Amino acid sequence: MDRELVERARSGDHDAFEVLAASIVDHLYGVARLVLRDADRAEDAAQEALVRCWRDLPSLREADRFDAWIGRILMHAINDEFRRGSRVRATITILAREPSTPDAEAATADRELLERAFARLSIEHRSVVVLRLHLGLSIEETASTLGIPVGTAKSRLHYATEALRRTLEADAIPRSREVSA
Amino acid sequence: MNAGPDVERRISTWLADEVPARAPDRILPATFDRTRHTRQRRFGAAWRTITMNRPWQLAATAVVSVAIIGLGAAWLGGSGGTGGPSTTPSPAPTAAPSRTPLPTPTPQASLPPYPSSGAVEPGTYALHQPGVPTVTLTVPAGWGGGGAGGPVKNDGTTRTVGLSTWIVGNIYANPCKWGDGLLKPPVGPSVDDLASALARQPLRNGTTPTAVTLRGYSGKYLELTTPVGLDFATCSKVPGAPENSPSYFVTWVGPALVDDYMGFAGPGSRDRVWILDLDGVRFVLVATEFRDATAQDLAELQSIIDSVRIEPTPPSSSASPSAGP
């Protein structure tokens, strides 16, 4: 992150903030989309995170720590958005149904399995998985971003990956039977 | 299906496939529509640099207090002029306030806006804050923009001095434990309501509000200080901020009860507060002096105060204080 840009935004330069926001909005939205599994709510969470970023930037003491700081703000915004409760939305999901090879068909099935299993995880577990396995944060960084103890982060990651593993394994058996039949 | 040790890799791959490459275009315009009308939370944080021992803190506070009382009285003595020397604060009004014509007001439209950051060239500016009536003022050399309020000098040090304008929605029940919530029931809508509530606010040592007239507008004046001995580290942090973020001492919140916080304070700092009725809009002007501000700093602050002209244009929204939670 451009340190000078962060410092200018921190000192109240809205033009600098606009450049800063444009440089991070895709990332914020992407993470929110993965955790919330809802495009509209992810949009709201990303916007809220950016507004909080502007509002609270003066409290950021070290511009070099902006990335970790905005990550923490984003996760709070995601949590808040999630806890606002489910909203009535019309969601249309269009699934690509063009598996041309057994590998492609398996991959599609894999994605659908993971999609369903991931959606069944709590918001806390999904957050750990996204930070650790998508963003590649260390377990310590993951814990810091979520404001939880490292042990809790480890425990949540273990629970989540085990749940996903069990889902994948459970599906592997009937699909094997289908292949052998 | 192999769901062994590579399960994390498979999840990672799936997440990488799932994440959208771009955010919808509408997020940024919607965000900026909000942030352009949102004042940054800017809290004076000089207490973190306090190194003096207690006797020196008390001595410094006493010295600053004497200077402030003198300067405050000088300004209070004026009722529309430029604030000539006086030792007599405005008496309580006994009749309907009379409007003193503004001394050749400068049209704000012709003035440059006061910068929100960086060093500011000496000159006359229009100070705009979202939802707050505009004031015009003249700053000497050495002052800068303090995003949250207005002119500020020595920002982030124990010598900080600054001037800020506000519309207050409600005050915190406890400015140190502000995370515990706002005053309940909330402050009423009148000038007197706010002045009385601030005078009673814990930890601020508010003086008895006195009647004042400033630039032709009547209202109340009081002084607030922050305790020298308070351990600010025990105060609330910004919700959602990292664990190692600083704690703050926050006095009030803006009319929307979010996004606009008066938390500019350090041990022994003093706020001179003018609460004015601008044709139905409760407007607040605050001159803040941290305890190590020099006589020169305070004289410069006073010169800015003396230059203030108020443009009584009601805020476009939230013109009157909210009676929210």
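In this predicted model, strands E7 and E8 of chain B form a hairpin with two residues between them. B:Arg215 sits in the turn and has a positive phi of about 50 degrees. The two strands, E7(B) and E8(B), pair in the antiparallel sense over five bridges. Within this pairing, B:Ala211 has B:Lys220 in E8(B) as its bridge partner.

**The sheet of chain B**

The hairpin belongs to an open sheet of seven strands in chain B, ordered E3-E4-E5-E12-E11-E8-E7 with antiparallel pairing. Strand E3 (144–145) and strand E7 (210–214) of chain B each have a single partner strand, so they stand at the edges and one side of each is left without a neighbour in the sheet. At the E3 edge, two bridges join E3(B) to strand E4 (residues 151–153) of chain B, and this pair runs antiparallel. There B:Gly145 is found opposite B:Pro151 in E4(B).

Helix H4 (residues 191–200) of chain B packs on the sheet and touches strand E8 (217–225), strand E11 (270–278) and strand E12 (281–289) of chain B. The direction of H4(B) makes about 10 degrees with that of E8(B). Helix H5 (residues 295–307) of chain B lies across E4, strand E5 (161–166) and E12 of chain B. Relative to E5(B), helix H5(B) runs at about 30 degrees.

**Backbone geometry in chain B**

Most residues other than glycine have a negative phi, and most peptide bonds are trans. Several sites in chain B depart from this pattern. The peptide bond from B:Lys184 to B:Pro185 is cis, with omega near -10 degrees. B:Pro185 is placed in the loop between strand E6 (170–171) and H4 of chain B.

Two loop residues have a positive phi although neither is a glycine: B:Leu203, at about 70 degrees, and B:Asp279, at about 55 degrees. The loop that holds B:Leu203 lies between H4 and E7 of chain B. B:Asp279 is in the loop between E11 and E12 of chain B.

Are these two residues exposed or partly exposed? B:Leu203 has 19 other C-beta atoms within 10 Å, and the class of buried begins at 20, so B:Leu203 is partly exposed. B:Asp279 has 12 C-beta neighbours inside 10 Å, and a residue with 12 or fewer is classed as exposed, so B:Asp279 counts as exposed.

**A helix pair in chain A**

Two packed helices are described by the angle between their axes and the distance between the axes. In chain A, helix H2 (residues 14–36) and helix H6 (residues 123–134) pack at an angle of about 135 degrees, and their axes are 9 Å apart. Angles over 145 degrees count as roughly antiparallel and those from 65 to 115 as roughly perpendicular; H2(A) and H6(A) are therefore oblique to each other. Their crossing is right-handed.

On the H2(A) side, the residues that meet H6(A) are A:Val31, A:Leu34 and A:Val35. Their counterparts in H6(A) are A:Ile123, A:Arg126, A:Ser127, A:Val130 and A:His134. By class, this contact between H2(A) and H6(A) has five nonpolar, two polar and one charged residues.

**The two chains overall**

The table sets out the make-up of each chain. Long-range contacts here are those between residues 24 or more positions apart, given as a share of the contacts with a separation of 6 or more.

| Chain | Helices and strands | Buried residues | Long-range contacts |
|---|---|---|---|
| Chain A | eight helices, zero strands | 43% of 181 residues | 60% |
| Chain B | five helices, 13 strands | 45% of 325 residues | 66% |

Read along the sequence, chain A has the pattern α-α-α-α-α-α-α-α.

**Contact between the chains**

The contact takes 46 residues from chain A and 40 residues from chain B. On the side of chain B that touches chain A, helix H1 (7–18) and helix H2 (27–35) of chain B each supply at least two residues. H1(B) gives the most to this side, with eight residues. The residues of chain B on this side divide into 19 nonpolar, 12 polar and nine charged.

Methods. Residues are numbered from 1 along each chain as its sequence is written. Chains are lettered from A and ligands numbered from 1 in the order in which they are written. This is a predicted model: local features need pLDDT of at least 70, side-chain atom pairs count only at pLDDT 80 or more; totals for chains, interfaces and linings use all residues. Two strands pair if DSSP finds at least two bridges between them. Helices (H or I, at least four residues) and strands (E, at least two) are DSSP runs, numbered from the N terminus. Two residues are in contact if their C-beta atoms, placed from the backbone, lie within 7 Å. Axes are lines fitted to C-alpha atoms, for helices over the stretch in contact, and angles run from 0 to 180 degrees between N-to-C directions. Angles under 35 degrees count as roughly parallel, over 145 as roughly antiparallel, 65 to 115 as roughly perpendicular and the rest as oblique. A crossing is left-handed if the near helix is turned anticlockwise from the far one by less than a right angle, and right-handed if clockwise. Ala, Val, Leu, Ile, Met, Phe, Trp, Tyr, Cys and Pro count as nonpolar, Asp, Glu, Lys and Arg as charged, and the others, Gly among them, as polar.
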